[in-house]
Amino acid sequence: MMTGKEYIESLRKYKPRIYFMGRRIESVADDPISAPHVNAAAMTYELAHDPRYEEVMTAISHLTGEKINRFNHIHQSTEDLVKKVRMIRVLGQKTGSCFQRCVGCDAMNAIYITSYNIDKKYGTNYHERVREYIKFVQKNDLMPAGAMTDVKGDRSKRPSQQADKDMYVRVVEKREDGIVVRGAKAHITGVINSHEIIAMPTRALEVDDKDYAVAFAVPVDAEGVTMIFGRQTNDLRRLDGDMDCGNAKYATVGGEALVIFDDVFVPWERVFMCGEYDFAGELVEVFATFHRQNYGACKVGVADVLIGATANVAEMQGIAKASHVVDKITEMIHLAETCWCCTLACSYEGYKTPSGAYMPNPLLANVTKLNITRFPYEWSRIAQDITGGIVITLPSEKDYKNPETKQLIEKYIKGVAETPTEQRMRMIRLVENLSIGAELPESMHGAGSPQAQKIMIARRGNLEMKKELAKVIAGIKEDEHFKKMRGVSEKEFFAKLK
Amino acid sequence: MKIAVKYCGGCNPTYRREEIEEVLKKHFQIFYSGDSELLVCISGCKKGCAGEKAKGNFLHFDEKTDEEEILRRVNKKLSKEI
């Protein structure tokens with residue numbers, strides 16, 4: 001297993017084509033815009049070597065018997081599913097950000113499960129390729145980015161109906177030695193500082209969409225791959241020092257990029273689905289279940305940091321003992337732990353798939369994520385409430401460091417006597433970082449927008465059973481247990497009472 | 001005296017787990033793997049993940065414990081072992 005330092009060093013050996021703000025990022029490990037995201041991902045490597053965390057950070061590979069980083073593990077039990085979310089919460093706590101590596105983990109697990117099912121139906125050999133690929137990832141402790149969301153063009157049309165056929169990633173050529181793919185994937189977390197990209201379809205497909213039913217893996221610097229790193233609110237604060245960022249070390253959310261595949265060649269051993277359109281929906285659903293499971297852990301880990309920051313600000317401003325502040329901070333904890341309950345529940349309720357790998361309960365995983373589209377807004381609202389208007393009016397680090405204004409800021413931005421002004425400023429910036437900007441929309445849309453979860457919940461919520469229950473209780477349908485308990489039917493029972 | 005320490009993953013601890021190890025370090029040689037006279041499992045909460053698969057001569061802490069109590073329990077275990 002690589003250490004954090006070795007991971008950072010490993011990135012310098014890759015030469016991905018990445019653009020940001022009209023320039024090329026030459027080294028993701030060293031560029032001030034991407035370095036904090038690299039640091040966050042490095043934490044996933046570093047903690048695997050720390051005895052205080054290795055219990056959740058590592059696993060034994062069922063493929064090789066070797067000790068591996070849990071992010072590269074195929075879950076072999078519900079215990080593994082639970083350990084994954086425990087690991088993810090810890091990493092949210094340690095980075096106060098997104099550490100990006102769960103997407104590749106979920107992609108590998110989803111493809112592992114689906115490739116087995118494809119082979120069973122069509123007699124293909126995708127599953128063996130997936131196993132070999134995962135062994136390669138495990139052996140080299142690589143970080144693959146999972147790339148699912150296509151750019152989609154006109155959302156009312158399926159892939160094959162688009163005016164521009166490249167709105168979804170597709171196979172443009174099949175050769176003896178592999179395939180050539182074209183298209184683009186949007187908002188791909190952590191891809192600029194990954195070693196590999198695992199691409200998957202983004203939606204259920206029909207027979208006309210066959211060319212779009214493609215899953216594959218390529219190195220991030222494969223020929224024809226271009227990434228355009230997305231802007232974030234306040235991203236250029238990274239160039240102005242460390243105070244104004246709030247979380248200068250690990251940034252905010254994962255750092256997402258548009259990934260363009262411009263006729264990229266993929267050798268057959270790295271192709272995991274090619275034309276099996278009837279399995280695209282399953283792959284999406286399995287991946288989404290894994291990824292939605294995570295959000296009740298990573299966001300809760302980040303919430304732990306925000307709750308701590310809010311409590312610190314309250315102390316620094318002399319309001320920590322006010323009853324409404326105590327109540328509000330307790331409410332933040334309640335909201336966060338509610339989400340934690342959800343993620344644990346969907347993990348404990350997980351099950352074994354025909355491939356032997358385990359996956360979380362899809363209904364509960366979707367409920368987990370749907371709560372995450374709501375609760376972080378509420379705990380952020382409370383954090384801003386307690387922190388006060390200064391969360392958006394605080395003077396900058398440059399003014400704080402300017403000899404002409406420093407003493408004025410020292411004097412007038414001070415809270416309680418025992419807290420240095422700079423510490424109060426840093427804590428307020430952390431609240432700002434975690435409750436304003438990219439963090440909230442990421443909670444909303446990461447792992448799928450709320451409507452995607454609603455669709456899954458509606459599909460799996462077994463409404464018919466609930467309607468039947470109501471009919472029995474309302475006396476519209478016969479209650480078999482009532483009859484056994486009372487020895488007569490409901491009608492006869494109530495007739496006697498009259 | 002060789003004491004091995006095994007931590008849980010620390011996802012939602014109710015106290016600072018390192019406090020237990022800090023006490024042990026003051027009095028014993030601590031290892032994270034390999035043979036030892038005693039295995040001390042440190043869990044952050046009552047779920048007790050660190051102790052779930054422990055075997056042999058082991059001791060399990062799952063809540064904040066003062067130094068005196070830690071030493072009492074460790075010494076008791078070690079004296080039994082001897």
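In what order do the four strands of the open sheet in chain B come? Going across, the order is S2-S1-S3-S4, and the pairing is parallel. Before I go on, keep in mind that this is a predicted model.

Okay, so the edges of that sheet. They're strand S2 (29-31) and strand S4 (58-61) of chain B, and each one pairs on one side only. From one strand to the next, the twist averages 30°. If you look at S4(B), you'll see four bridges joining it to strand S3, residues 38-42 of chain B. For one of the partners there, take Val40(B), which is matched with Leu59(B) in S4(B).

Now, the interface. We've got 13 residues of chain A in contact with 13 residues of chain B. Together the two chains bury about 1,200 Å², with 48% of that on carbon and sulfur atoms. On the chain A side, Pro51(A), Arg52(A) and Glu55(A) lose the most area to chain B, together 46% of what that side buries.

What about charges? Three salt bridges turn up across the interface. One to click on is Glu79(A) with Lys53(B), at 3.2 Å, N to O. As for where chain A's touching residues come from, H4(A) gives the largest share, five residues.

Last stop, away from the sheet: Lys299(A), sitting in helix H7 of chain A, residues 280-316. Is this lysine buried or exposed? Lys299(A) counts as buried, because its relative accessibility is 6% and the cut-off for buried is under 20%. Beyond its close sequence neighbours, its contacts include Val253(A), Trp379(A) and two glutamates, Glu439(A) and Glu442(A).

How values were computed
Residues are numbered from 1 along each chain as its sequence is written. Chains are lettered from A and ligands numbered from 1 in the order in which they are written. This is a predicted model: local features need pLDDT of at least 70, side-chain atom pairs count only at pLDDT 80 or more; totals for chains, interfaces and linings use all residues. Side-chain values use heavy atoms; hydrogens and water are left out. Helices (H or I, at least four residues) and strands (E, at least two) are DSSP runs, numbered from the N terminus. Buried means under 20% relative accessible area, exposed over 50%, partly exposed in between (1.4 Å probe, protein chains only). Contact means heavy atoms within 4.5 Å. Two strands pair if DSSP finds at least two bridges between them. Axes are lines fitted to C-alpha atoms, for helices over the stretch in contact, and angles run from 0 to 180 degrees between N-to-C directions. Buried area is the accessible area (1.4 Å probe) that two parts lose on being put together, summed over both. A salt bridge is a side-chain nitrogen of Lys or Arg within 4 Å of a carboxyl oxygen of Asp or Glu. Lists of a residue's contacts leave out its neighbours within four places in sequence.
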